[in-house]
There are 2 protein chains.
Amino acid sequence: MNLTINQKDFYHGVQIVQRAVASRSTLPILKGIYLEAVKDKGLKLIANNLEMGIEYWVKANIIEEGIFVLPANELSNILRELPAAEISFQVDKSNYQAKINCLNSRFTLKGYQADEFPQLPEVEGALSFNFNALTFREMIEEVKFSTSTDQTQPTLTGGLLVLSPGEISLVATNTYRLAYSKREINNDLDKEVKVILPGTTLNELNHLIGDEEDEMNILLNESYVRFTFNEIVFISRLIEGQFPNYKQVIPVDFKSSVKIDRVEFLNAVKRVSLIARLDSNVITLNVNKDQMSISSTSTEYGDALELVEIELEGEEQTINIDANYLMDVLRTLKSELVNILLIGPLNPLTIRKYPEDNYIYLIMPVRPGA
Amino acid sequence: MNLTINQKDFYHGVQIVQRAVASRSTLPILKGIYLEAVKDKGLKLIANNLEMGIEYWVKANIIEEGIFVLPANELSNILRELPAAEISFQVDKSNYQAKINCLNSRFTLKGYQADEFPQLPEVEGALSFNFNALTFREMIEEVKFSTSTDQTQPTLTGGLLVLSPGEISLVATNTYRLAYSKREINNDLDKEVKVILPGTTLNELNHLIGDEEDEMNILLNESYVRFTFNEIVFISRLIEGQFPNYKQVIPVDFKSSVKIDRVEFLNAVKRVSLIARLDSNVITLNVNKDQMSISSTSTEYGDALELVEIELEGEEQTINIDANYLMDVLRTLKSELVNILLIGPLNPLTIRKYPEDNYIYLIMPVRPGA
């Protein structure tokens, strides 16, 4: 392999695939990046930790084709520190070494035989559809914080992707709270398809999808999902198992509907949580005619009380909930107003954007005196 | 105690004194901030972890005078999150509670009886002199990274402050490297005075001294040093014991003098250190007629070689040193060029600013083949 490549392009490409490099692995080659130089096409980079894999092509002037694997961290560190100039990159297969030269810098980096590197799996017999990448990122942001971190219940550590005729939705829950994000989509489905995407996959997609309104292709079979966007190919295993029946827990009838300014509400909860977090993190929402009081008491440190103006339709209510669950959603949503829907002190609290209709967030209450 | 105070002023003051709050202490009151409301003067804040103490006055409208102590972290968190508005602050001594009200926020925070709080010590029988605060900060920056972290040699964890007729200097060493920063000063001393300032004191002073060219007053006796600048009173204990004789290790005769661009040199060392840090962190400097090569080899990962243009007076030389010790000083200095002075491979390498004469930095070499 022999090529010249721009430092910025090379480093950018390595940063993209690096997200799928195995951080801890007994197989050293999985801590590497697979490089394939193809004439007239450039340099292909692949990382694959067997749960998740990323492929990305970088512009390069290929003098001699070839394949090789280099340790990801060391390659990335070197490329980051090199000056913004042309890099000459050569692999000496006889001793498994890559020579990386750039202006007055000369590096030799030892690598691995590339044929041992696990290529990305083919996603065969798959359902294929297109969707706006930015909208998908928005859906991910709206639900990902609700996944569980409890590894004994693997299905809850991921997000459920549901495709049905004309609709796409994403659901995540740790059983104490649930986030549900839904959008319209053009598809020719005649039945519902459900798969569970790992939480790390949601996080990495969220990082990799840029700010451009690009179309994204999604390929889906029973074992894998493949996203193609912005010249990035991203493959992930799916989580096997049964996701809880989320539909039956989403309430439809309410006793009270509260309209409230999202940022004002967030700031008030943030302040009360300064006291709440010293104990159990529980805050009390007291919904009255024109205002909501948010309060918490710590026997050791003191207490906090905040008043926020609201518009209430229906009954006055009191409910105890975890402050973090509330702050997570208020930080994520972007709407100016949110709608809080209540049934009673033992029923979940529902939050929706106001006036939009594509998002539902539930928080299970803490029993009074619990 | 009863007063009104601006949220920004109060939070700013708490942030300043908070640096001297005990983070871990068996005495809960040392994790607190002492508050004293004095009519026509404002609100005095004190923190004191017994090693170091800070006093700062905040503008406030005092309705009723008084003293009280509140837990620093909780107070600081609450003040940070409150809106930028006027705070009403009242202490109810009967139940040791402070009421902090601001717009729609009401906090009650439990505190401590203030008479148990250790006041800042008087610095009696002290030497007093003035010095430019910014220049002192520059001196601290030039030496503080050279202090030792080895607690078994307490004197090396601090910086030696030396006052002599017309001169002030600061020295730090961990025995493998040494930094010495010197300035002129107007004083009426007739003998040399030496004290050791703790490393944390140097760090906190470095943070607290702002960007204004203010005059700083320094009071010094055998146990304490007190700095007064920018309305901040900062008191620190001194470290007792004997600081090594730094003068005898500073070389005066050299075989080679190298002039080199500081940033170019730093970037080259940074890149070579990417390989060096995978092993022992040692790099080799090879000083030739017009250029210096900087190199390192790792048997497991590969090697790195960098070439930088230099101006050499004297002999060609080769020396092995720790890359971090070199990067620390190259990152800290601000001059465009630096001067490297060499004697031989077993003698310390000296770095000075070029063309300035107020700074000396030594690195002990690593024996070839060690």
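Here is a friendly exchange about this predicted model and its chains A and B.

Biologist: Let's start where the chains meet: which element gives the largest share of the side of chain A that touches chain B?

Modeller: On chain A, 24 residues are in contact with 24 residues of chain B. The elements that give two or more residues to this side of chain A are α2, β9, α5 and β21. The largest share, 7 residues, comes from β21(A).

Biologist: And how do the residues on that side of chain A divide into nonpolar, polar and charged?

Modeller: The side in question belongs to the 24 residues of chain A that are in contact with chain B. They divide into 10 nonpolar, 6 polar and 8 charged.

Biologist: How are the two copies related?

Modeller: Chain A can be laid on chain B by a turn of 180° and a shift of 0.0 Å along the axis, with an RMSD of 0.0 Å. The same surface serves both copies, as 100% of the contact residues of chain A recur in chain B. The copies are thus related as by a two-fold rotation axis.

Biologist: Coming back to β21(A), which residue of β9(B) stands opposite Asp303(A)?

Modeller: Happily, this pairing is easy to follow across the chains: β21(A) and β9(B) pair in the antiparallel sense over 5 bridges. Within β9(B), the residue opposite Asp303(A) is Thr108(B).

Biologist: Which residue of β21(A) stands opposite Ser293(A)?

Modeller: Here the partner strand is in chain A itself, with 8 bridges joining β20(A) to β21(A) in an antiparallel run. Opposite Ser293(A) in β21(A) stands Leu307(A).

Biologist: Which strands stand at the edges of the open sheet?

Modeller: The sheet has 9 antiparallel strands in the order β23(A)-β19(A)-β20(A)-β21(A)-β9(B)-β8(B)-β7(B)-β1(B)-β5(B). From one strand to the next, the twist averages 15°. An edge strand has a single partner, so one side of it is left without a neighbour in the sheet; these strands are β23(A) and β5(B).

Biologist: At what angle does helix α6(A) run to β23(A)?

Modeller: Helix α6(A), residues 323-332, lies across β19(A) and β23(A). Its angle to β23(A) is about 90°.

Biologist: What about α1(A) and α2(A): is their crossing left-handed or right-handed?

Modeller: The two helices pack at an angle of about 145°, with their axes 9 Å apart. Among the residues making the contact are Phe10(A) and Val14(A) of α1(A), and Leu75(A) and Leu79(A) of α2(A). The residues of this contact divide into 6 nonpolar, 4 polar and 1 charged. The crossing is left-handed.

Biologist: Is Val329(B) buried or exposed?

Modeller: Val329(B) is placed in helix α6 of chain B, and it touches Ile351(B) and Tyr361(B), not counting residues up to four places away in sequence. A residue needs 20 or more C-beta neighbours within 10 Å to count as buried. Val329(B) has 21 of them inside 10 Å, so it counts as buried.

Biologist: Which residue does a cis peptide bond join to Tyr354(A)?

Modeller: Omega of this bond is about 5°. The partner is placed in the loop between β25 and β26 of chain A. It is Pro355(A).

Biologist: Last one: is Glu231(A), with its positive phi, buried or exposed?

Modeller: Glu231(A) has a phi near 65° and lies in the loop between β16 and β17 of chain A. The cut-off for exposed is 12 or fewer C-beta neighbours within 10 Å. Glu231(A) has 12 inside 10 Å, so it counts as exposed.

Definitions and conventions
Residues numbered from 1 in each chain as written. Chains lettered and ligands numbered in written order. Predicted model: local features only at pLDDT ≥ 70, side-chain atom pairs only at ≥ 80, totals over all residues. Contact = placed C-beta atoms within 7 Å. Helix = DSSP H or I, 4+ residues; strand = E, 2+ residues; numbered from the N terminus. Nonpolar A, V, L, I, M, F, W, Y, C, P; charged D, E, K, R; others polar. Pairing = 2+ DSSP bridges. Axes fitted to C-alpha atoms, helices over the stretch in contact; angles between N-to-C directions. Left-handed = near helix turned anticlockwise from the far one by under 90°. Least-squares fit on C-alpha atoms with pLDDT ≥ 70 in both.
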